[in-house]
Amino acid sequence: ALHTAIGAAAHSGRIFAAYHQILSETQRIAHLCFSESARADERLGTHLEKTMADHRQMYEAIRAGDANAAERVAGAHVELFRRRVVDALMSTRLTEPLSVAV
């Protein structure tokens, strides 16, 4: 919801549509990073805590009208996600078979 609100705050249908498309694509990538095999990663909890802290900091920066702080936090947030994606792609866990309950 936070990401959608940020896109809507641009007050531009074109920007919102582009931002929404990027969010949709990153959710597909996130599925890989937070898959069942990735959940076993003890770093997941730390990652999710940092994600929530980023969201709170972005919200506070936007609320305060501090565009520079919001941009700085958003950049760090993107980097956090990028590192998670790279770690997931480089992991050997992706080649391990998944157990599927039937």
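**Salt bridges, a buried aspartate and a nonpolar patch**

Asp 54 is buried, with a relative accessible area of 1%. This residue belongs to helix 4 of what is a predicted model, and, once neighbours within four places in sequence are set aside, Asp 54 is in contact with Val 73, Ala 76, His 77 and Leu 80. The value of 1% places Asp 54 in the buried class because that class is reserved for residues under 20% relative accessible area.

Helix 1, which spans residues 2-8, contains Ile 6, a residue that counts as partly exposed at 27% relative accessibility. When residues up to four places away in sequence are not counted, Ile 6 touches Tyr 19, Met 58 and Ile 62. A further relation concerns Phe 16, which is 10 residues from Ile 6 in sequence and lies 8.7 Å away in space, as computed from C-alpha to C-alpha.

Turning to charged side chains, a search of the whole structure returns 5 salt bridges. One of them joins the side chains of Arg 28 and Glu 25, with an N to O distance of 2.8 Å. Both residues are located in helix 2 (residues 13-33), and because they are 3 residues apart there, about one helical turn separates Arg 28 from Glu 25. As regards accessibility, Arg 28 is exposed, its relative accessible area being 56%, whereas Glu 25 is partly exposed at 35%.

A salt bridge is also found between the side chains of Arg 63 and Glu 60, for which the N to O distance is 3.8 Å; this value satisfies the criterion, because a side-chain nitrogen of Lys or Arg is required to be within 4 Å of a carboxyl oxygen of Asp or Glu. Arg 63 and Glu 60 are 3 residues apart in helix 4 (residues 43-63), so that about one helical turn lies between them. Arg 63 is exposed, with a relative accessible area of 61%, while Glu 60, with a relative accessible area of 41%, is partly exposed.

In helix 5, which covers residues 67-90, Glu 79 and Arg 83 are placed 4 residues apart, about one turn of the helix. These two residues form a salt bridge in which the closest N and O atoms are 3.7 Å apart. Glu 79 is partly exposed, with a relative accessible area of 29%, and Arg 83 is likewise partly exposed, with a relative accessible area of 41%. The pairing of Glu 79 with Arg 83 does not stand alone, as salt bridges that share partners join Glu 79, Arg 82 and Arg 83 into one network.

Helix 5 also contains Met 90, which counts as exposed at 67% relative accessibility. Together with Val 86 and Leu 89, Met 90 forms a nonpolar patch on the surface, and the accessible area of these residues amounts to about 320 Å² together. The assignment of Met 90 to the exposed class follows from its computed value of 67%, because exposed residues are those over 50% relative accessible area.

Terms used: Residues are numbered from 1 along each chain as its sequence is written. This is a predicted model: local features need pLDDT of at least 70, side-chain atom pairs count only at pLDDT 80 or more; totals for chains, interfaces and linings use all residues. Side-chain values use heavy atoms; hydrogens and water are left out. Helices (H or I, at least four residues) and strands (E, at least two) are DSSP runs, numbered from the N terminus. Buried means under 20% relative accessible area, exposed over 50%, partly exposed in between (1.4 Å probe, protein chains only). Contact means heavy atoms within 4.5 Å. Patches are made of residues with over 30% relative accessible area and no salt bridge: like charges are joined within 9 Å, nonpolar side chains (Val, Leu, Ile, Met, Phe, Trp, Tyr) within 5 Å. Accessible areas come from the Shrake-Rupley method with a 1.4 Å probe; for residues, only the protein chains shown count as cover.
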